[in-house]
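Reader: I am new to this structure and would like to go through it step by step. Could you show it to me before we begin?

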Amino acid sequence: MAVFSVKTEKMSEEEIRESRLSQADLLWWSEHSPHIVVEANRGKYVAVVNQEAFLGETYEETEEKAKAKYPNRSFWVHHIPSRWGKRI
């Protein structure tokens with residue numbers, strides 16, 4: 001299920017900058033995820049900030065690594081499934 005958020009007010013320069021950085025991170029993830037989502041990383045978490053991947057065993061560990069290097073950037077954390085199966 002996709003979730004979209006629409007802001008109807010004018011964005012500040014900082015919000016525009018952050019949005020562009022997030023879009024660049026998403027594009028980087030779409031290009032590099034096949035190299036990150038591999039057998040050795042199954043069950044781990046990954047965050048992408050400034051086109052750099054941070055891997056950890058837990059959500060909290062991954063979040064801490066990303067925030068330590070980029071404390072003022074927003075990011076998302078993705079869980080890499082521990083096993084693959086058919087999606088219905």
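Author: Two definitions come before the hairpin: two strands pair if DSSP finds at least two bridges between them, and helices (H or I, at least four residues) and strands (E, at least two) are DSSP runs numbered from the N terminus. This is a predicted model, in which local features need pLDDT of at least 70 and side-chain atom pairs count only at pLDDT 80 or more, while totals for chains, interfaces and linings use all residues. Residues are numbered from 1 along each chain as its sequence is written, and side-chain values use heavy atoms, with hydrogens and water left out.

Reader: In what order do the elements of the protein chain run from the N terminus on?

Author: The protein chain has 2 helices and 3 strands. Read from the N terminus on, these elements follow the order α-β-β-α-β.

Reader: Which residue takes a positive phi in the hairpin of E1 and E2?

Author: E1 and E2 pair in the antiparallel sense over 5 bridges, and Val46 stands opposite Leu55 in E2. The hairpin has 2 residues between its strands, and the residue there with a positive phi, near 55 degrees, is Asn50.

Reader: Which residue in E3 stands opposite Val46?

Author: Strand E1 (residues 45-49) pairs with E3 as well, in the antiparallel sense over 3 bridges. Strand E1 is mostly covered, with 4 of its 5 residues buried, where buried means under 20% relative accessible area, exposed over 50% and partly exposed in between, with a 1.4 Å probe and protein chains only. Opposite Val46 in E3 stands His78.

Reader: Is Asp25 buried or exposed, and which backbone nitrogen does the side chain of Asp25 reach?

Author: Asp25 has its place in helix H1 and counts as buried because its relative accessibility is 3%. Not counting residues up to four places away in sequence, Asp25 touches Val48, Val49, Asn50, Gln51 and Arg73, a contact being heavy atoms within 4.5 Å. At 3.1 Å, the side chain of Asp25 reaches the backbone nitrogen of Asn50.

Reader: How many aromatic pairs does a search of the whole structure find?

Author: A pair of aromatic rings is described by the distance of the centres and the angle of the planes. Rings of Phe, Tyr and Trp (its six-membered ring) pair if their centres lie within 6.5 Å, and planes under 30 degrees apart count as stacked, over 60 as edge-to-face and the rest as tilted. Searching the whole structure gives a number of aromatic pairs equal to 3.

Reader: How many residues apart are Trp29 and Trp76?

Author: Trp29 and Trp76 form an edge-to-face aromatic pair, with 5.6 Å from centre to centre and 75 degrees between the planes. Trp29 counts as buried because its relative accessibility is 12%, whereas Trp76, at 30%, counts as partly exposed. The pair links distant parts of the chain, from Trp29 in helix H1 (residues 13-36) to Trp76 in the loop between helix H2 (59-69) and strand E3 (77-79), and the two are apart by 47 residues.

Reader: Why is the pair of Phe54 and Tyr70 edge-to-face?

Author: Phe54 lies in strand E2 (residues 52-56) and Tyr70 in the loop between H2 and E3, 16 residues apart, which links distant parts of the chain. Phe54 is buried with a relative accessible area of 9%, and Tyr70 counts as buried at 16% relative accessibility. The ring centres of Phe54 and Tyr70 are 6.2 Å apart, and the pair is edge-to-face because the planes stand at 80 degrees.

Key: Polar contact = N/O pair within 3.5 Å; in protein donor to acceptor, adjacent residues only side chain to side chain.
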